[in-house]
Amino acid sequence: MGIDQQSAGRVAPMLDGAGMRVGVVCGRFNDTITLRLLDGAVRGLQSMGVAEADVAVEWVPGAFEVPFAARTLIRSGGFDAIIGLGCVIRGDTSHYDFVAGECARGLQDVELETGVPVIFGVLTTEDVEQALARSEPAGGHNVGEEGAHTAVEMATLVRRYPPA
Ligand code: INI
């Protein structure tokens, strides 16, 4: 579950982030996990040549606020991509479904409305153990780091096909 099944001959994307400006919006709720995602995202961006000065990090209260912040950054201008980070862990009530669902829908809405790639780097897990396993330090599985790769790949697509 949740593992991208890769074929042996999979075509690797060209990931060159030099000159790209990327916003990272991070939810504070469950910040022991989201800090690990943020580490991964920054590490991933740096590894692809995105300059430190071209990465803007903004914290918001929780995953529910991430889409609004993503839209706010995009409307300010100059961003090639936004990475949304958060961690929603299932509790005893239906709150989880609203927060996780609206965050995902909101991020997709912002991406399609603005034409700027918005990456869903929000963990939605049953428990803390699952969240820890998806936010590992360098060399391990980290959804923030994967989000950085997705951001640069999608921003590259937009650069190849600018609006007419
Ligand atoms: N926000 C999260 O990012 N993760 C959660 O697990 C979570 N839970 O479980 O409640 C959560 N709630 C806060 C929400 O994102 C908003 O900040 C809050 O509802 C105010 O709008």
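In this predicted model, W59 is partly exposed, with a relative accessible area of 32%, where partly exposed denotes values between the buried class, under 20%, and the exposed class, over 50% (1.4 Å probe, protein chains only). W59 belongs to strand β2, which spans residues 55-60, and together with L35 and V57 it forms a nonpolar surface patch of about 230 Å². Such a patch joins nonpolar side chains (Val, Leu, Ile, Met, Phe, Trp, Tyr) within 5 Å, from residues with over 30% relative accessible area and no salt bridge, that is, no side-chain nitrogen of Lys or Arg within 4 Å of a carboxyl oxygen of Asp or Glu.

The ligand is surrounded by F29, N30, G62, A63, F64, E65, C87, V88, I89, H95 and V99, each with a heavy atom within 4 Å of it. An oxygen atom of the ligand lies 2.8 Å from a polar backbone atom of A63, while a ligand oxygen is found 3.2 Å from a backbone N or O atom of F64 and a ligand oxygen 3.2 Å from a polar backbone atom of I89. Of the 460 Å² of accessible area that the ligand has on its own, the protein covers 75%, with areas obtained by the Shrake-Rupley method using a 1.4 Å probe.

D31, located in helix α1 (residues 31-47), is partly exposed at 34% relative accessibility. The C-alpha atom of D31 is separated by 8.0 Å from that of C87, 56 residues apart along the chain.

Residues are numbered from 1 along each chain as its sequence is written, and side-chain values use heavy atoms, with hydrogens and water left out. Local features require pLDDT of at least 70 and side-chain atom pairs pLDDT 80 or more, whereas totals for chains, interfaces and linings use all residues.

Notes:
Patches are made of residues with over 30% relative accessible area and no salt bridge: like charges are joined within 9 Å, nonpolar side chains (Val, Leu, Ile, Met, Phe, Trp, Tyr) within 5 Å. Helices (H or I, at least four residues) and strands (E, at least two) are DSSP runs, numbered from the N terminus. A polar contact is a pair of N or O atoms within 3.5 Å; within protein, one must be able to donate a hydrogen and the other to accept it, and residues adjacent in sequence count only if both atoms are side-chain atoms.
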